[in-house]
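Welcome! If this structure is new to you, take a moment to turn it around before reading on.

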Amino acid sequence: MVTSETLSADTTAAQDLGEPKMRATDVSVFYGDKKAIDNVSIDIRTEHVTAFIGPSGCGKSTFLRTLNRMNDTISSARVEGVIELDGEDIYQSGMDVVQLRARVGMVFQKPNPFPKSIYENIAYGPRIHGLAEGKSEMDAIVERSLKRAGLWDEVKDRLDDSGTALSGGQQQRLCIARAIAVDPEVILMDEPCSALDPIATAKIEELIDELRGRYAIVIVTHSMQQAARVSQRTAFFHLGNLVEYGHTSDIFTNPREKRTQDYITGRYG
Ligand SMILES: Nc1ncnc2c1ncn2[C@@H]1O[C@H](COP(=O)(O)OP(=O)(O)OP(=O)(O)O)[C@@H](O)[C@H]1O
């Protein structure tokens with residue numbers, strides 16, 4: 001369990017970094033009567049990649065989905081506690097959830113481009129949110145988003161082709177470009193590489209590292225190697241608890257908790 005001592009040690013190290021982008025305080029999540037997340041508190045920093053690791057079923061995805069209210073789409077799910085974005089409670093009544101999900105974008109395990117052109121996949125969000133005045137502004141958003149997602153050179157001559165005709169790795173970068181297009185502040189990634197081959201995975205990992213300069217990124221991963229490669233902070237979950245949270249290098253080389261040690265040395269999971 002994360003004790004007040006361990007949290008304050010981490011908080012002290014983080015103090016120089018200013019206020020967190022997101023803060024979860026005493027968050028529990030239930031599916032019906034079943035508690036899937038138990039009293040989790042965590043700060044998410046901008047310009048950092050935060051990895052959520054832990055054995056299957058420990059609640060990583062459930063907790064990730066609380067950060068942009070994707071659990072609202074599951075009728076049995078109920079969230080208790082407070083989650084703030086820039087100090088504002090995202091569960092307060094009157095919160096515009098569509099706007100929230102633009103600010104806190106999401107990339108899923110399986111690439112899920114719309115069955116529309118590459119251009120339209122990117123333009124759809126900015127159009128809904130009124131981010132472009134006319135065609136040339138929209139063109140610029142599409143180009144900038146595809147460039148940031150490292151896909152522009154591969155698709156610039158075929159923007160009218162269907163997004164679903166791209167390779168799996170390209171589709172995932174298209175989905176990242178789609179999230180970027182609405183100018184998010186946080187990008188949540190739920191096992192974004194699990195359907196990809198090693199080369200496509202390496203590209204996404206490089207991209208995550210580049211994107212870190214602009215956004216707060218949270219990634220759920222089953223791969224401890226991936227967490228060690230891409231993240232600066234790691235949170236280890238077990239049975240719905242946040243067992244340990246800290247600098248990735250400390251979690252992997254010098255964990256404080258026996259359960260973390262057992263997990264990273266492959267004793268279970
Ligand atoms: N829609 C749902 N309805 C009911 N229970 C759910 C639902 N989604 C998840 N759960 C349960 O909540 C717990 C946490 O699941 P979750 O998918 O968040 O874990 P996870 O750590 O992301 O797992 P994995 O690594 O296998 O994806 C599990 O016991 C799971 O069975």
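What follows is a short tour of an annotated domain and of the surroundings of the ligand.

Please keep in mind that this is a predicted model. In UniProt, an unreviewed entry lists residues 22-264 as "domain: ABC transporter". Helix makes up 37% of that span and strand 26%, and the C-alpha atoms at its two ends lie 26 Å apart.

Now to the ligand. Its space is the second largest pocket. Around the ligand there are 15 residues, and those that come nearest are K34, S56, K60, T62 and H222. Sorted by class, this shell holds six polar, five nonpolar and four charged residues.

Which elements each supply at least two residues of the shell? They are the strand β2 (34-44) and the helix α2 (60-66). The largest share, four residues, is provided by α2.

Oxygen atoms of the ligand have several protein atoms beside them, including those in this table.

| Residue | Protein atom | Distance to a ligand oxygen atom |
|---|---|---|
| S56 | polar side-chain atom | 2.5 Å |
| G59 | backbone N or O atom | 3.0 Å |
| T62 | polar side-chain atom | 2.5 Å |

How much of the ligand does the protein cover? On its own, the ligand has 630 Å² of accessible area, and the protein covers 66% of that.

As you look again, S56 and T62 make a good starting point: both are among the residues that come nearest to the ligand, and S56 has a polar side-chain atom 2.5 Å from a ligand oxygen atom, as does T62.

Methods
Residues numbered from 1 in each chain as written. Predicted model: local features only at pLDDT ≥ 70, side-chain atom pairs only at ≥ 80, totals over all residues. Heavy atoms only, no water. UniProt positions renumbered as here; feature names shortened; annotations may be inferred. Near = heavy atom within 4 Å. Polar contact = N/O pair within 3.5 Å; in protein donor to acceptor, adjacent residues only side chain to side chain. Areas by Shrake-Rupley, 256 points an atom, 1.4 Å probe, with all protein chains shown as cover. 1 Å grid on protein atoms, 1.4 Å probe; cavity = no way out; pocket = protein on both sides within 12 Å on 5 of 7 lines; lining within 4 Å. Sits in = over half its atoms within 2 Å of the grid points. Nonpolar A, V, L, I, M, F, W, Y, C, P; charged D, E, K, R; others polar.
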